[in-house]
Amino acid sequence: MKLALSLARRGFGRVWPNPAVGCVIVKEGRIVGRGWTQPGGRPHAEPMALAQAGALAQGADVYVTLEPCAHIGKTPPCALALIDAGVARVVCALGDPDPRVDGGGFQMLRAAGIKVDTGLCEDEARADQSGFLTRVTKGRPMVTLKLAGSFDGRIATASGESQWITGPEARRHVHAMRARHDAVMVGAGTVRADDPSLTVRGLGMSHQPVRVILSRHLDLPLDSGLARTAREVPVWICHGRRAAPELVSAWAGLGAEMIEVEEAGGALDPVSVLQALGARGLTRVYCEGGGAVAASFLTARMVDELVGYTAGLAIGAEGRPSLAAMGLGRLAEAPRFDLVECRAIGADILHHWRARN
């Protein structure tokens with residue numbers, strides 16, 4: 001199952017709206033088939049593994065990270081493929097809450113006389129599937145918020161100088177994190193200040209995440225790098241109802257997908273933004289700020305994981321903070337996260353946190 005989980009992770013950022021699933025087939029103590037969800041969401045992991053196993057799948061044990069699908073979509077049900085292959089046993093980490101499955105896969109297997117065991121490595125599988133599960137149960141993608149700054153929580157000096165607070169190893173890790181998500185999201189202020197490309201670079205990756213921009217009034221430079229490359233790498237722009245129609249048309253003409261969302265408190269509503277992204281199939285979003293966007297999503301309790309990169313320098317109170325004001329009156333109102341990982345990354349510290357339930 002550990003191998004199946006590692007195979008599943010190969011699909012992160014590539015398979016949405018489908019879940020990233022891994023499958024390992026074992027016959028007489030020997031691995032005879034391995035598979036994982038392919039780019040675009042199909043083929044699924046089980047038929048990939050079955051194709052590799054061939055006739056050896058007969059009477060074999062199958063380890064799969066998510067309940068095999070039981071519904072007919074663009075491909076036949078994976079549960080039926082396992083039945084037709086004559087496997088003897090299916091060991092599954094996690095059930096699928098999708099109403100089209102939700103126990104139906106297990107029921108189909110058991111009805112065919114196949115032994116089904118569930119719950120092996122369930123916590124690890126649940127963490128890996130958090131994006132898919134959040135979209136199915138809450139209608140939105142999971143959000144990983146990235147914060148990178150100095151020891152005292154600053155992202156730039158008072159004059160705006162920020163390159164580079166963290167080192168090359170941390171920046172490379174950011175690109176790896178982008179590759180593991182379906183989309184990278186920033187606010188209009190970041191686009192105006194940095195003209196970022198928001199692509200994965202330096203890792204030899206052939207796929208790129210969707211680039212999501214939050215801009216209430218579409219006050220974005222039409223000569224930016226994002227504008228020039230919108231037809232090459234997808235750009236989705238979430239905007240308010242009162243954005244000028246001519247700007248909506250201009251960005252659409254450049255190839256961007258325009259998404260109108262609700263507003264709240266003089267800004268785009270994080271809940272409306274994520275519901276709109278979930279409706280378009282996104283399961284995992286990597287939010288890179290800036291400070292106002294990060295604060296609004298934290299305040300709305302729409303951040304599922306935090307990834308921080310902390311450098312060993314101090315800038316002082318006159319520096320620019322990583323978060324805008326959150327309007328907290330009491331400490332008890334602050335969102336809390338539990339530590340998942342903390343380690344050195346080059347000359348910096350990487351710390352990974354997960355929201356408390």
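1. His173 touches Tyr309, Arg343, Ile345 and Leu350, leaving aside residues up to four places away in sequence, where contact means heavy atoms within 4.5 Å. The side chain of His173 also makes a polar contact with the side chain of Tyr309, at 2.8 Å; a polar contact is a pair of N or O atoms within 3.5 Å, and within protein one must be able to donate a hydrogen and the other to accept it, while residues adjacent in sequence count only if both atoms are side-chain atoms.

2. This is a predicted model, in which local features need pLDDT of at least 70 and side-chain atom pairs count only at pLDDT 80 or more, whereas totals for chains, interfaces and linings use all residues. Residues are numbered from 1 along each chain as its sequence is written, and side-chain values use heavy atoms, with hydrogens and water left out.

3. His173 lies in helix H7 (residues 168-179); helices (H or I, at least four residues) and strands (E, at least two) are DSSP runs, numbered from the N terminus.

4. An open sheet of 9 strands follows the order S11-S10-S9-S8-S14-S6-S15-S18-S17, with mixed pairing, two strands being paired if DSSP finds at least two bridges between them. S11 and strand S17 (337-345) stand at the edges, each with a single partner strand, so one side of each is left without a neighbour in the sheet.

5. Within this sheet, strand S8 (residues 183-187) and strand S9 (residues 210-214) pair in the parallel sense over 5 bridges, and the bridge partner of Met185 in S9 is Val212. Strand S10 (residues 235-239) and strand S11 (residues 257-260) also run parallel, joined by 4 bridges, with Ile237 standing opposite Met258 in S11.
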